[in-house]
Amino acid sequence: MNLQEASARAAELRRLIEKANHDYYDLAAPTVGDRDYDLWEAELLRIEGEFPSLADASSPVRNVAGGVSDGFAKVRHDPPMQSLDKTHAKDELAEFDAFVRKTVTDFTYVVEPKVDGVSISLRYEDGRLVRAATRGNGTIGDDITANALAIAAVPRELPASAPRVLEVRGEAYMTRSGFLELNERQAAAGLEEFANPRNACAGSLKQLDARVTASRPLDLVVYNSGGAGCDGFKSHSEMIAAFRSWGFPTAPWSRRAKTIEEVFSAIDELQEKRHDFPFEIDGAVVKIDERALYPVLGATAHGPRWARAYKYAPERAETVVESITVQVGRTGILTPVAELRPVELAGSTIARATLHNEDQIARQDIRIGDHVWIVKAGDVIPAVDSVIVEKRTGAERKFEMPAKCPVCGGETKRAEGEVAVRCVNPACGAQLRRRLEHFASRNALDLKALGEKVADALVSSGMVKDLLDLFSLDPAALESLDLAEGAEEPAGGAAELLPGFSRPTRKFGRNAQYLIKAIGEARTLPLHRWLFAIGIPNVGVTVAKDIAAEHERFSALAGSAVLKNVVENDAKKGKERLILPIKVEAAKAVLAFFESEYGRRFAAQLAALGIDPVSEKTAPAKTTGPLAGMGCVLTGTLSRPRGEYAKLIEAAGGIVQSAVTSKTRYLIAGENTGATKTAKARALGTEVIDEKRLLELLG
Ligand code: AMP
Ligand code: ZN
């Protein structure tokens with residue numbers, strides 16, 4: 001086959017595959033068998049492998065798996081991706097207004113949030129995304145197409161109403177909630193946490209492996225023309241409305257203003273709302289709406305003369321680092337924490353801020369006694385922004401990470417490639433307390449009577465030396481166990497069930513009975529709850545469910561072939577690599593757990609207790625009904641609450657899963673279901689159906 005023949009055949013195959021996808025996903029009326037589909041896919045992959053110039057990024061076969069690129073190709077921006085001139089005070093904006101009015105008359109302003117993310121440019125040809133690029137130096141940026149395709153909010157295809165060639169610009173960002181979760185995962189894995197959502201977003205876009213990007217909670221707001229396809233718009237607002245109608249996410253807030261006074265009140269209103277957006281904003285952008293005036297006003301080398309940024313003063317507060325303490329977490333990680341002189345910041349009193357690790361402290365040169373500025377990272381986590389060096393008196397002291405665990409006195413280690421220092425004593429009381437708390441938490445074994453204080457009492461009394469000691473607690477001993485002084489915070493509604501539980505001097509009493517009963521019930525909880533409860537790094541609630549869905553029972557996890565497969569598959573290059581429902585870090589961590597001495601002992605103890613948690617899918621489920629034994633996943637916007645559908649599915653014998661796995665029979669896709677999701681489902685052999693079809697199946 002020569003290049004010309006290959007190109008023709010590849011185009012033909014893409015057309016066939018896309019039609020099959022459309023019939024299958026959108027119309028729920030498959031027109032080809034799986035075998036033909038697989039053969040086309042394999043042939044296309046082969047051609048793209050042989051003729052790399054034909055391997056375009058939006059190819060249906062590349063779209064599913066997400067490619068691995070070797071570094072980033074460079075993209076020239078035409079027109080350049082400019083910055084914005086900035087103002088920090090209203091009188092500076094008034095000067096801007098005066099300048100504009102000297103040049104043009106009769107115009108309207110638009111005020112938009114200034115999204116604090118990473119600016120990107122998206123180019124569409126023939127209605128498909130052909131290139132995504134970062135701003136870079138404004139003229140030349142990085143080609144991040146593969147990564148942009150991994151962001152669900154980035155449209156892959158545009159409707160026929162959109163121009164054939166279109167370039168739009170906007171901001172990729174990480175949601176605030178996603179940022180917090182990501183940092184939790186990073187910390188549990190002993191990796192560096194991200195300073196703020198913007199850094200996390202930038203890091204996620206610069207991944208050489210698009211699958212990492214896909215695992216990050218990224219989103220998009222589009223707010224600018226990128227040249228091509230945008231000439232016809234008279235006004236900016238009209239253009240943004242068109243972008244929205246073509247499927248681009250646009251800012252959820254904007255105001256039009258005739259006068260500079262109206263601009264001022266819009267930016268005040270926006271400032272009030274600044275914490276209500278899913279993205280962080282660092283100010284407002286004031287633009288002229290009439291696009292015909294842009295060439296009249298022109299641009300400087302830095303930015304357009306028809307727009308100005310107005311930056312809000314960062315919300316920060318000054319305080320003093322009174323001391324630095326060290327906390328020991330569940331996985332033994334030692335975390336230095338700044339104990340601050342309490343101070344008000346954005347609506348709450350802040351007295352502590354995590355300093356993450358010793359590298360971070362050294363980088364910021366934070367010393368005990370320092371005056372510091374504190375901010376809220378991701379608008380939530382208090383963080384030390386910077387040291388006010390001018391206020392140093394010379395009495396400040398440098399912090400040193402303790403050589404031994406501050407709780408158990410055990411040895412500490414810093415693993416290669418990790419920033420975290422861990423206490424490696426498996427019997428460390430601090431770790432055991434935190435593990436016990438986690439073990440009892442809501443998504444784990446849900447032992448409501450076991451909170452922080454009870455965990456402390458159980459560990460310090462020596463009644464619990466191992467998590468599984470819970471299962472052989474002596475009720476009498478438990479009843480006679482005194483809770484330490486101070487008020488117990490009852491966890492998750494336990495107070496109503498246990499009158500008096502919160503009274504400081506009260507003994508366990510009936511609470512002991514209650515705890516014993518809950519422990520008894522925990523014996524039969526499904527596998528994913530147990531797997532999460534153990535507290536293996538990288539194994540959160542969702543991951544635990546994914547892994548549990550692929551295993552029969554707990555005893556099948558040690559040395560699991562499924563998990564080994566995931567790890568081996570990861571070592572494969574490019575196209576041979578499959579998408580598997582289990583994350584490789586998680587697979588590695590679970591295998592390592594069962595190989596460790598601690599894990600082996602845990603498994604043996606559990607077996608001795610006669611406990612072998614069963615995966616939900618194999619748990620004695622309803623064996624009759626139209627959906628008997630079938631895994632179902634609900635996604636997208638549905639016309640009824642998900643819980644309601646979940647009940648109906650279960651009543652019909654189905655098993656509601658949280659994520660698509662190879663065991664999922666149906667993906668019930670509501671409105672706004674991302675293409676990645678359905679493609680992934682399809683790749684795993686899951687049928688994608690709509691609500692109507694579900695109701696038919698339910699009868
Ligand atoms: P800076 O990154 O501080 O130089 O500010 C300029 C940048 O603000 C632009 O390059 C855009 O990436 C970003 N930006 C965020 N929101 C907007 C918006 N609504 N309109 C224009 N630019 C925006
Ligand atoms: Zn320790």
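This is a dialogue about how to read several features of a predicted model.

Visitor: I would like to begin with the metal, so which residues coordinate the zinc ion (ligand 2)?

Guide: The general idea is to look for the atoms that hold the metal. In this predicted model, the zinc ion (ligand 2) is coordinated by the SG atoms of Cys405, Cys408, Cys423 and Cys428, at 2.2 to 2.4 Å. Along the sequence these donor residues follow the spacing C-x2-C-x14-C-x4-C.

Visitor: What do the angles among the four donor atoms say about the site of the zinc ion (ligand 2)?

Guide: Four donors count as tetrahedral if all angles lie between 85 and 135 degrees. Here the angles among the four donor atoms run from 99 to 122°, and the site of the zinc ion (ligand 2) is therefore tetrahedral.

Visitor: Which parts does the pair Cys405 and Cys423 tie together?

Guide: Cys405 sits in the loop between strand 16 (381-387) and strand 17 (412-414), whereas Cys423 belongs to strand 18 (residues 421-423), so the pair ties together parts that are 18 residues apart in sequence.

Visitor: Are Cys405 and Cys423 buried or exposed?

Guide: A residue is called buried when its relative accessible area is under 20%. Cys405 is buried, with a relative accessible area of 3%, and Cys423 is buried, with a relative accessible area of 3%.

Visitor: Turning to the other ligand, how many residues surround ligand 1, and which are the closest?

Guide: The way to read a binding site is to start with the shell of residues and then look at single contacts. Ligand 1 is surrounded by 14 residues, of which the closest are Ser83, Glu112, Arg135, Glu171 and Lys287. By class, this shell around ligand 1 is made up of five nonpolar, three polar and six charged residues.

Visitor: Which strands each supply at least two residues of that shell around ligand 1?

Guide: They are strand 3 (109-115) and strand 10 (281-288). Strand 3 gives the most to the shell around ligand 1, with four residues.

Visitor: Which side chains have an N or O atom at a short listed distance from an oxygen atom of ligand 1?

Guide: Among them is Ser83, which has a polar side-chain atom 2.6 Å from an oxygen atom of ligand 1. For Glu171, an N or O atom of the side chain is 2.8 Å from an oxygen atom of ligand 1, and for Ser119 the corresponding distance to an oxygen atom of ligand 1 is 3.2 Å. On its own, ligand 1 has 500 Å² of accessible area, and the protein covers 87% of this.

Visitor: Let us move to the backbone, and ask what is generally expected of phi and of peptide bonds.

Guide: Most residues other than glycine have a negative phi, and most peptide bonds are trans. In this model the peptide bond from Asp78 to Pro79 is cis, with omega near 0°, and Pro79 lies in the loop between strand 1 (74-76) and strand 2 (86-87).

Visitor: Which residues have a positive phi although they are not glycines?

Guide: One of them is Asp126, whose phi is about 55°. Asp126 is found in the loop between strand 4 (118-125) and strand 5 (128-134), and is exposed, with a relative accessible area of 59%. Another is Asn538, with a positive phi of about 75°; Asn538 lies in the loop between helix 18 (527-534) and helix 19 (541-549) and is partly exposed, with a relative accessible area of 25%.

Visitor: Where is Asn147, and what does its side chain contact?

Guide: Reading a single residue means asking for its element, its exposure and its partners. Asn147 is part of helix 5 (residues 145-149) and counts as buried at 2% relative accessibility. A polar atom of the Asn147 side chain lies 2.7 Å from the backbone oxygen of Leu205.

Visitor: How far apart in space are Ala242 and Ala162, and Glu261 and Lys90?

Guide: Here one sets the distance along the chain beside the distance between C-alpha atoms. Ala242, in helix 9 (residues 236-245), is buried at 12% relative accessibility, and its C-alpha atom is separated by 8.4 Å from that of Ala162, 80 residues apart along the chain. Glu261, in helix 10 (residues 260-273), is exposed, with a relative accessible area of 54%; Glu261 and Lys90 are 171 residues apart in sequence and 9.7 Å apart, C-alpha to C-alpha.

Methods:
Residues numbered from 1 in each chain as written. Chains lettered and ligands numbered in written order. Predicted model: local features only at pLDDT ≥ 70, side-chain atom pairs only at ≥ 80, totals over all residues. Heavy atoms only, no water. Donors = N, O, S within 2.8 Å, 3.2 Å for Na, K, Ca; no water. Tetrahedral: all angles 85-135°; square planar, octahedral: opposite > 155°, others 65-115°. Buried < 20%, exposed > 50% of the residue type's maximum accessible area, 1.4 Å probe, protein only. Near = heavy atom within 4 Å. Polar contact = N/O pair within 3.5 Å; in protein donor to acceptor, adjacent residues only side chain to side chain. Areas by Shrake-Rupley, 256 points an atom, 1.4 Å probe, with all protein chains shown as cover. Nonpolar A, V, L, I, M, F, W, Y, C, P; charged D, E, K, R; others polar.
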